[in-house]
Amino acid sequence: EGNRGLVKGKDLKQGAKMRLVGLTGGIASGKSTVSSMFKHNHISVVDADIIARDALKKNSGGYKKVVAAFGPDILQDDGQVDRLKLGRIVFSDASKRQLLNRLLAPYISSGIFLEIFKLWIKGHKVIVLDIPLLFEAKMDKWTKPIVVVWVDPETQLRRLMERDNSTEEDARNRINAQMSLELKKSQADIVIDNTGSRQDLQERFSEVLSQVKRPLTWTEFWLSRDGALSALLGVIIGVLAGKKLFW
Ligand SMILES: CC(C)(COP(=O)(O)OP(=O)(O)OC[C@H]1O[C@@H](n2cnc3c(N)ncnc32)[C@H](O)[C@@H]1O)[C@@H](O)C(=O)NCCC(=O)NCCS
Ligand SMILES: Nc1ncnc2c1ncn2[C@@H]1O[C@H](COP(=O)(O)OP(=O)(O)OP(=O)(O)O)[C@@H](O)[C@H]1O
């Protein structure tokens with residue numbers, strides 16, 4: 001067993017296990033909506049978009065790399081990154097997007113692992129990872145089950161344009177910057193179809209919640225204390241070595 005010798009007793013062994021639930025989908029498919037439902041049910045969520053935002057904060061390591069690569073044109077008067085402007089650039093040009101992903105990847109992945117580590121230290125056993133690019137960044141191998149929030153393409157485009165008040169062209173560019181939602185759906189353990197009403201979503205969510213909260217099994221033992229520690233060390237060493245781990 002993964003945690004033999006480190007903890008004694010059945011309850012403590014259970015306590016050493018951890019379930020990392022992957023939550024992903026397409027842009028505007030409803031991940032944040034589902035993620036707040038998890039939070040309302042006292043399940044902790046690590047939000048990759050927030051970590052990515054921190055990675056671009058003024059004078060952070062990621063900020064310096066991105067400004068050096070993209071030039072001061074992407075800055076506002078106050079020196080912060082103009083996210084709308086940078087978004088227009090990277091969502092209409094695949095090579096620039098790859099460049100941005102490559103520059104930010106080490107900060108985002110280490111930020112995600114740090115958050116997981118903090119929650120794990122506090123004894124959280126079920127942690128939801130809300131990561132839009134879970135598959136693209138190959139982080140799906142860390143998570144089980146993988147929950148994909150799906151919507152039909154017309155609904156996705158309409159909700160995206162309404163939410164961001166964007167043109168159809170900008171919205172389509174953003175959708176096309178991601179792996180197709182159909183492909184993500186085919187790789188999911190659990191699919192949440194969010195094409196219907198919010199009420200429909202709430203009902204489907206309740207079913208998913210009970211699946212996510214079912215007792216932890218020994219198939220999850222590799223994420224025990226030993227497993228988590230070695231994974232974390234691996235990531236830290238990888239990041240320090242400057243390896244391209246996820247992109
Ligand atoms: C380009 C940026 C500045 C645009 O900022 P903006 O505030 O307009 O959008 P926001 O960050 O809220 O992202 C909205 C959605 O866009 C999608 N998205 C963001 N980055 C990417 C990307 N590199 N590739 C594909 N889709 C992306 C996600 O679905 C995300 O939920 C920003 O998205 C960014 O820094 N992206 C690179 C970092 C990244 O990969 N983030 C995704 C987290 S895993
Ligand atoms: N079932 C629903 N009915 C109507 N509107 C919905 C439904 N679910 C979500 N929405 C709305 O659709 C938009 C997209 O949802 P949300 O922001 O949760 O998507 P997201 O997947 O987190 O997007 P992103 O990838 O950009 O972070 C929001 O404006 C949200 O309020």
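**Exercise 1. Find which helices each supply at least two residues of the shell around ligand 1, then describe that shell.**

Solution.
- Step 1. Helix 3 (48–54), helix 5 (83–90) and helix 6 (94–121) each give at least two residues to the shell around ligand 1. The model is predicted.
- Step 2. Look for the nearest residues. Of the 21 residues around ligand 1, those that come nearest are Ile-27, Ala-52, Arg-83, Gly-87 and Pro-132.
- Step 3. Sort the shell by residue class. The shell around ligand 1 holds 14 nonpolar, three polar and four charged residues.

**Exercise 2. Work out which helix gives the most to the shell around ligand 2.**

Solution.
- Step 1. List the helices with at least two residues each in the shell around ligand 2. They are helix 2 (31–40), helix 7 (153–164) and helix 10.
- Step 2. Pick the top contributor. Helix 2 gives the most, with three residues.
- Step 3. Check the nearest residues. Lys-31, Ser-32, Thr-33, Arg-159 and Arg-163 come nearest, out of 16 residues around ligand 2.
- Step 4. Sort by class. Four residues of the shell around ligand 2 are nonpolar, seven are polar and five are charged.

**Exercise 3. Give the strand order of the open sheet and explain why strand 2 and strand 5 each have one side without a neighbour.**

Solution.
- Step 1. Write the order. Five strands make an open sheet, 2-3-1-4-5, with parallel pairing.
- Step 2. Read off the edges. Strand 2 (44–47) and strand 5 (190–193) stand there with a single partner strand each, so one side of each has no neighbour in the sheet.
- Step 3. Add the twist. From one strand to the next, the twist averages 25°.
- Step 4. Inspect one pair. Strand 1 (residues 19–25) and strand 4 (residues 146–150) run parallel and are joined by four bridges. Leu-23 stands opposite Val-147 in strand 4.

**Exercise 4. State which strands helix 2 and helix 10 lie across.**

Solution.
- Step 1. Take helix 2. This helix lies across strand 1, strand 2, strand 3 (126–130), strand 4 and strand 5. Helix 2 runs at about 150° to strand 1.
- Step 2. Take helix 10. This helix lies across strand 1, strand 3, strand 4 and strand 5. Helix 10 runs at about 160° to strand 5.

**Exercise 5. Decide whether Leu-209 is buried, partly exposed or exposed.**

Solution.
- Step 1. Locate the residue. Leu-209 sits in helix 10 (residues 198–212).
- Step 2. Count neighbours. Leu-209 has 15 other C-beta atoms within 10 Å.
- Step 3. Apply the cut-offs. Buried needs 20 or more, and exposed needs 12 or fewer. Leu-209 is therefore partly exposed.
- Step 4. Compare with Ile-112. The two residues are 97 apart along the chain, and their C-alpha atoms are separated by 22 Å.

Notes
Residues are numbered from 1 along each chain as its sequence is written. Chains are lettered from A and ligands numbered from 1 in the order in which they are written. This is a predicted model: local features need pLDDT of at least 70, side-chain atom pairs count only at pLDDT 80 or more; totals for chains, interfaces and linings use all residues. A residue is near a molecule or strand if its C-beta atom, placed from the backbone, lies within 6 Å of it. Ala, Val, Leu, Ile, Met, Phe, Trp, Tyr, Cys and Pro count as nonpolar, Asp, Glu, Lys and Arg as charged, and the others, Gly among them, as polar. Two strands pair if DSSP finds at least two bridges between them. Axes are lines fitted to C-alpha atoms, for helices over the stretch in contact, and angles run from 0 to 180 degrees between N-to-C directions. Two residues are in contact if their C-beta atoms, placed from the backbone, lie within 7 Å.
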